[in-house]
2 protein chains.
Amino acid sequence: MTVIFSKKCEYGLQAVLYLSTKEEDTVISAEEIAKKLSIPKEFVSKILQSLTEYGIVYSRKGKSGGFALAKNPNKIKLIDIVAAIDGLGVFNGCVLGFPNCSPDYPCPVHDKWGTLRTMAYDMLTGQTLDQFKNRTINKINNP
Amino acid sequence: MTVIFSKKCEYGLQAVLYLSTKEEDTVISAEEIAKKLSIPKEFVSKILQSLTEYGIVYSRKGKSGGFALAKNPNKIKLIDIVAAIDGLGVFNGCVLGFPNCSPDYPCPVHDKWGTLRTMAYDMLTGQTLDQFKNRTINKINNP
DNA sequence: AATTAATCAGATATGTTTGTCTGATTAAAA
DNA sequence: TTTTAATCAGACAAACATATCTGATTAATT
């Protein structure tokens, strides 16, 4: 295995990034998102539904309904999606799985992993979705 | 979720680290390893069995049998265990799950993740088990 | 030679993640 | 007002990860 984020979380991140490239207040159907990202439609739909409960995504029912971001992309960070879907467990536990890994009882790679973890956290908190816009568009429109 | 290594891999890393603290050529029973590390005995046994196929662990059957490292701890790196159990997939794929993530078609965090990934790889390749010995002993003998 | 204590192999069980299906509800458009 | 196309809720299914069980094999000890 060896996974950083669950599939659910990966899809959630991709979908939210996709929504951040759209005009504010235009809802996008799960079908369009699924097609653009090559994700099962029902699955991405469920994921976005759950993100509405966290105030990240807005949804409109009925014909020509769909999903949009619930707030301005400059108010959303990648960590918000990760926290909502996978939780922040990785930023606590020991990378080798030792119990009670701490400064007092460190595992052999405790310090190095600590540094890495901080950098990873920073990668997810340092920028907001709007700052990724160009890169996101470029990625999603390409193989 | 959000996992770096599978349970299998975590247990494998712990077990191999434990074995590296023992005198060369003394075999340790799965039961002792399981107790010391609070891991299900049958599970750690299976994991070590599979590591014998990779030439990392040596096993001796029969009464007073058990497991030992198949080579000197200064010849074994953490990455060897990871490669054997989880594979090196994390060091290839896109952290956000985008397909074909590459320098030409980078995802929004491509560069930052690349740096992190290199550091993680270095953490697993930069030292050999013997260099962890003191820290491993200290960790395993404590809560 | 019999007993004992270990690995080993393979089947089975349990749990979680991932993915699909069905029908209810909602609201725009005809 | 009917049709249509979407979310939504909940059940279901398939795949995989985790864990346990059973019995065979092995080899030291009695």
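**How chains A and B meet**

In this predicted model, 45 residues of chain B are in contact with 44 residues of chain A. Local features need pLDDT of at least 70, side-chain atom pairs count only at pLDDT 80 or more, and totals for interfaces use all residues. Residues are numbered from 1 along each chain.

Me: What makes residues of chain B and chain A count as in contact?
Reply: Contact means heavy atoms within 4.5 Å. By that rule, 45 residues of chain B touch 44 of chain A.

Me: How do you know what area chain B and chain A bury?
Reply: Buried area is the accessible area (1.4 Å probe) lost when two parts are put together, summed over both. Here that is about 4300 Å², 70% of it on carbon and sulfur atoms.

Me: How many salt bridges does the rule find across the interface of chain B and chain A?
Reply: The rule asks for a side-chain nitrogen of Lys or Arg within 4 Å of a carboxyl oxygen of Asp or Glu. It finds 0 between chain B and chain A.

Me: Which helices of chain B each supply at least two residues of the side that touches chain A?
Reply: Helix 1 (7-20), helix 5 (110-125) and helix 6 (129-140) do. Helices are DSSP runs (H or I, at least four residues), numbered from the N terminus. Helix 5 gives the largest share, 7 residues.

Me: Why are the two copies said to be related as by a two-fold rotation axis?
Reply: Copies are superposed by least squares on C-alpha atoms of residues with pLDDT of at least 70 in both. Chain B then lies on chain A with an RMSD of 0.0 Å, after a turn of 180° and a shift of 0.0 Å along the axis. The copies are therefore related as by a two-fold rotation axis.

How values were computed
Chains lettered and ligands numbered in written order. Heavy atoms only, no water.
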